[in-house]
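Good morning, and thank you for making time for this item. I would like to take you through one structure, with attention to its pocket and its packing.

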Amino acid sequence: MAAATVLSLDSLPSDPLLLILSFLDFRDLVSCSLVSRRLTELTGHNPLWKRLCQKHWLLTEADKGQRGQSWRELFHDFYVDFGRYIDYYSTLKKAWDDLKSYLGQKCPRMIASLKEGAKEDELDAIEAQIGCKLPNDYRCSYRIHNGQKLVVPGLMGSMSLSNHYRSEDLLDIETAAGGFQQRKGMKQCLPLTFCFHTGLSQYMALESTEGRTRSEIFYHCPDQLAQDPSAIDMFITGSSFTEWFTSYVQNVVTGEYPIIRDQIFRYVHDKKCVATTDNITVSVSTSFLPELSSVHPPHFFFTYRIRIEMAKSALPESACQLDSRYWKITNANGNVEEVRGPGVVGEFPVMTPGKVHEYASCTTFSTTSEYMEGHYTFHRLKNKGEVFDVSIPRFHMVCPPFRESMARSSSVRELPIAVFNNDNDSDTDNYEDEHGINMANPGGRCPRHI
């Protein structure tokens, strides 16, 4: 009977072993390197660490050439520096790289406002200062870029109406720590953004307290009907820093948020929200303004941007002029309001082949959602008697998730719900320069323009 063949690692060819090792994570490779001299040799194979460097640190051949190190050495050095963030680094670094690449083409002055990354000991010092631990994904992002300089426009988006403007900066960690909140209703909350014009900030909860979840991001909103002044409602904008930041960047780099006058405007466009009548196309995008909204009393403020375009292929005799608008507005309770008025934003645009006309307006409602639809009435320039309607697609405005304050008093003051005057139905002008705007009181109410 033939003797059984005994296999050992030393007798196996390298190629199949390297293939098996290529499926392992870096922790397993390190463990394998301690098993035998053969595995120590194989786990040092550069292509194995090249894959891991690309996966976890987004390093390229150019990075390797610049540093003059092997892939394994590169991985080790980055792990020493960023190892605690390995679950977040590649996601956040890619988001930052994509954002900077896009802004470099669309609004380069924004890149100049970004600050260099914070050092590890600087973040440790901030934690000691505020007495709270910072989430690891937040720390990781701030190691890449420490927010931005306090400038206008801000990196985190702008919004403008004729009597209201805001633009949010992404705060550096030192400035954010100066605004760290310990007051009742906002305990252990760190500001992420800030707007000079409105005082608006988005906050991140550093502890699970007062009804908030750790790492949750929100706009705070005082409960105007509660007896307790610490009653703070919250419009939720993210469940974690990573989700909040990467979803914003995705909207920017895909063109979901338009770049207007070298600023990022936070309008959201539903790709289905387009209607074409003959050769005229109307599309709508919307944006929620938390600083002009409240949960108690229910007052939800939206602005919307409308684009009207005549096809380039239209015949010259198709030229026409807008005369009036009609809106049918339906709230979450099914109540319907109809509004008619001359022109748009006080204008009567003339549409010719290839012409685009855009404007912004706003509306308020007291239910958590509402949708609008309607039409514009035009007449032909060559024949004023030829009048026709152009459809405005139905577009929905839904209040973001919100959470009511746990501190809300059980006995609420008997205050009347605000009634909003709809008599002023002339639309507002859109997107004035920030230096030429008469800023509204952030605690006040913009009129409704439909």
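**Pocket, cores and two local sites**

The lining of the largest pocket takes at least three residues from domain 2 (89-250) and at least three from domain 3 (267-401). Please keep in mind throughout that this is a predicted model.

The volume of this largest pocket comes to about 780 Å³. Its lining comprises 32 residues, and those closest to the centre are Asn251, Tyr257, Arg266, Val268 and Phe288. Which elements give two or more residues to that lining? They are β10 (232-238), α12 (241-253), β13 (268-277), β14 (280-288) and β21 (387-398). As for chemical class, 17 of the lining residues are nonpolar, nine are polar and six are charged.

I turn now to the nonpolar packing. The largest nonpolar core contains 62 residues, and within it Leu134, Tyr138, Leu155, Phe241 and Phe245 have the most contacts. Helix α7, residues 89-106, gives the most to this core, contributing seven residues. At least three residues of the core come from domain 1 (13-84), and at least three from domain 2 (89-250). There is also a second, separate core, made up of 38 residues, with Ile280, Val282, Phe288 and Tyr359 among them. Phe288 has therefore come up twice in this talk: it belongs to this second core under the definition of a nonpolar core, and it is one of the residues closest to the centre of the largest pocket.

Let us return to the largest core and consider Phe241. Which residues is Phe241 in contact with, leaving aside its neighbours within four places in sequence? The list is Leu92, Asp137, Tyr138, Ser141, Tyr142, Leu192, Met204, Ser215 and Ile217.

Several of those partners, including Asp137, Tyr138, Ser141 and Tyr142, are buried residues of α10. That helix spans residues 136-144 and is mostly covered, with eight of its nine residues buried. The buried set also includes Arg139, Cys140, Arg143 and Ile144.

The last site is Phe365, located in strand β19, residues 356-365. Is Phe365 buried or exposed? Its relative accessible area is 4%, and because the cut-off for burial is under 20%, Phe365 counts as buried. Not counting residues up to four places away in sequence, Phe365 touches Pro298, His299, Phe300, Phe302, Glu370 and Met397. Phe300 lies 65 residues from Phe365 along the chain, yet their C-alpha atoms are separated by 5.4 Å.

That concludes my presentation, and I welcome your comments.

Notes
Residues numbered from 1 in each chain as written. Predicted model: local features only at pLDDT ≥ 70, side-chain atom pairs only at ≥ 80, totals over all residues. Heavy atoms only, no water. Buried < 20%, exposed > 50% of the residue type's maximum accessible area, 1.4 Å probe, protein only. Helix = DSSP H or I, 4+ residues; strand = E, 2+ residues; numbered from the N terminus. Core = buried A, V, L, I, M, F, W, Y, C linked by side-chain atoms within 4.5 Å. Domains from an automatic or database assignment. Contact = heavy atoms within 4.5 Å. 1 Å grid on protein atoms, 1.4 Å probe; cavity = no way out; pocket = protein on both sides within 12 Å on 5 of 7 lines; lining within 4 Å. Points joined across faces, edges and corners; volume = space filled by probe spheres on them. Nonpolar A, V, L, I, M, F, W, Y, C, P; charged D, E, K, R; others polar.
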